[in-house]
Amino acid sequence: MTETRNSHPLSSAKSLLFRSGNLFQRGLKLSHLRMIVAMEETGQISLAADMLKTSQPAASRLLSEMETILEVRLCVRSPRGIEMTNAGRALARRARSMLIEIREAEREIEDIKHGGGTVFIGAVTAAAVDLVVPAIRTVQSVNALLEAHVAVGPSHQLIKDLLAGDHDFVIGRVPADMNPRQFNIREIRSEKIRLMVRSGHPLLNGNKPVSLERLAMFEWILPPPGNLMRRTIEDGFISRNLPLPHSSLNSASLLVTLATLADTDAIAPMAEEVTSLLSSGGLITELPFDGSIEIKPYSLITARGHRLSPSAQLVSDHILARIEKPAVVTGT
């Protein structure tokens, strides 16, 4: 029994490391993998060389070596730079995954050596406030050495950074122009939007729900064009045959939005979780609205084939447990 159990990993290792045609046996090196990723990222050999802090002749030599080892063209040169061939794109995609895994191995070993661990998370604002921060605090209550890095931003940037290996996982949405098969996706919930104004705003008189028609007469602070929240709000106006709200300030920055709200009669849409946190200070308040605005659900997203570190898996598990926890019903 013991011999059978031990022979399988050994035979698997031999097959993986020493089978005929192994690229590393034929001379492929980590420097080649780093170069092909840099070439795909920059689209120019000179810029790839700068990224890796090497000379252009050295970069060209690495490209030539890779093409000799693989016996295939990896890119086509043009006056504007280089265009990756199908083989080049395939190698770059696999190389990126390998480099990420090597970096993750180093990180996981450091976590084992020193304890604590690290986790890198990207999240849209509502999820960061309502899910990520509470989960991190829960984990840190039993493991004070856990170091968490949280990036808040729009989904398209978060997903791009996820594929680059900068985040362990993201809570957001896969952009429409990306192949969802690249990811593991666990849908969470939709995002409810509230409209916020400064305390003393003229629309608060009478404390009655305000119609979309009346809201169209005021200045708005909206995220930049292309943002999902902005598109959802604009679609609401379009469906009612109303002119789009005027937005002379376009910003995804919460601080910029708050500073503008404090001194103007502008209206700003915000995720419900964020408004609950901000309204307690009294500077801004929710504007009663006779409709509802809801954005399509966000999800917990990981790159397909990427294995989370123990620390990242622990935080992810706590987030999912928080999602699945039944809501507490309070009496009135």
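**Exercise 1. In which helix does Glu 67 lie?** Then decide whether Glu 67 is buried or exposed, and list what Glu 67 touches.

*Solution.* Keep in mind from the start that this is a predicted model.

- Step 1: Look at residues 56-70, which make up helix 4; Glu 67 is found there.
- Step 2: Compare the accessible area with the cut-off. Buried means under 20% relative accessible area. Glu 67 has 19%, so this residue counts as buried.
- Step 3: Leave out residues up to four places away in sequence, and the contacts of Glu 67 are Val 72, Arg 73, Leu 74 and Cys 75.

**Exercise 2. Stay in helix 4 and describe the surroundings of Ile 69.** Is Ile 69 buried or exposed?

*Solution.*

- Step 1: Ile 69 has its place in helix 4.
- Step 2: Its relative accessibility is 12%, and therefore Ile 69 is counted as buried.
- Step 3: Now see which residues Ile 69 touches, again setting aside those up to four places away in sequence: Leu 23, Arg 26, Gly 27, Leu 28 and His 32.
- Step 4: Phe 24 is 45 residues from Ile 69 along the chain, with 9.4 Å between the two C-alpha atoms.

**Exercise 3. Find where Lys 53 and Glu 71 are located, and say what sign phi has in each.**

*Solution.*

- Step 1: Lys 53 sits in the loop between helix 3 (45-51) and helix 4. Glu 71 belongs to the loop that runs between helix 4 and strand 1.
- Step 2: Lys 53 is not a glycine, yet its phi is positive, at about 55 degrees. Glu 71, also a residue other than glycine, has a positive phi near 60 degrees.
- Step 3: Check accessibility, where exposed means over 50%. Lys 53 reaches 77%, so Lys 53 is exposed. Glu 71, with a relative accessible area of 71%, is exposed.

**Exercise 4. How do strand 1 and strand 2 run as they pair, and what do they form?**

*Solution.*

- Step 1: Locate strand 1 at residues 75-78 and strand 2 at residues 81-84; they run antiparallel and are joined by 4 bridges.
- Step 2: Pick one bridge as an example: Val 76 has Glu 83 of strand 2 as its partner.
- Step 3: With 2 residues between them, strand 1 and strand 2 form a hairpin.

**Exercise 5. Why can strand 11 be called largely enclosed?** Work out how strand 5 and strand 6 pair with strand 11 too.

*Solution.*

- Step 1: Of the 11 residues of strand 11, 8 are buried, so the rest of the structure largely encloses this strand.
- Step 2: Strand 5 (residues 169-172) pairs with strand 11 over 3 bridges in the antiparallel sense. Within this part of the chain, Ile 171 is bridged to Leu 300 of strand 11.
- Step 3: Strand 6 (residues 183-198) also runs antiparallel to strand 11, and 9 bridges join the two. Glu 187, for instance, has Ser 299 of strand 11 as its bridge partner.

**Exercise 6. Which residues of the largest nonpolar core touch the most other members, and which helix gives the most to this core?**

*Solution.*

- Step 1: Recall a general tendency: in soluble globular proteins, nonpolar side chains tend to be buried together.
- Step 2: The largest nonpolar core has 41 residues, and those touching the most other members are Phe 169, Ile 171, Leu 261, Met 270, Tyr 298, Val 315 and Ile 319.
- Step 3: Helix 6 (residues 125-142) gives the most to this core, with 8 residues.
- Step 4: A separate core of 22 residues lies apart from this one, and its members include Leu 28, Ile 45, Ala 48 and Met 84.
- Step 5: Return to Leu 261. Among its contacts more than four places away in sequence are Met 196, Ile 221, Met 270 and Ile 284.

**Exercise 7. How do the linings of the largest and second largest pockets divide by class?**

*Solution.*

- Step 1: Begin with the largest pocket, which holds about 1100 Å³ of space. Its lining has 34 residues, and Arg 96, Ser 97, Ile 100, Leu 163 and Ala 164 are the closest to its centre.
- Step 2: Helix 5 supplies the largest share of that lining, 12 residues. By class the lining has 12 nonpolar, 6 polar and 16 charged residues.
- Step 3: The second largest pocket has a volume of about 860 Å³. Of its 35 lining residues, Pro 154, Pro 223, Asn 227, Leu 228 and Met 229 lie nearest its centre.
- Step 4: Strand 9 provides the largest share here, 4 residues. This lining divides into 21 nonpolar, 9 polar and 5 charged residues.

Terms used
Residues numbered from 1 in each chain as written. Predicted model: local features only at pLDDT ≥ 70, side-chain atom pairs only at ≥ 80, totals over all residues. Heavy atoms only, no water. Buried < 20%, exposed > 50% of the residue type's maximum accessible area, 1.4 Å probe, protein only. Contact = heavy atoms within 4.5 Å. Core = buried A, V, L, I, M, F, W, Y, C linked by side-chain atoms within 4.5 Å. 1 Å grid on protein atoms, 1.4 Å probe; cavity = no way out; pocket = protein on both sides within 12 Å on 5 of 7 lines; lining within 4 Å. Points joined across faces, edges and corners; volume = space filled by probe spheres on them. Nonpolar A, V, L, I, M, F, W, Y, C, P; charged D, E, K, R; others polar. Pairing = 2+ DSSP bridges.
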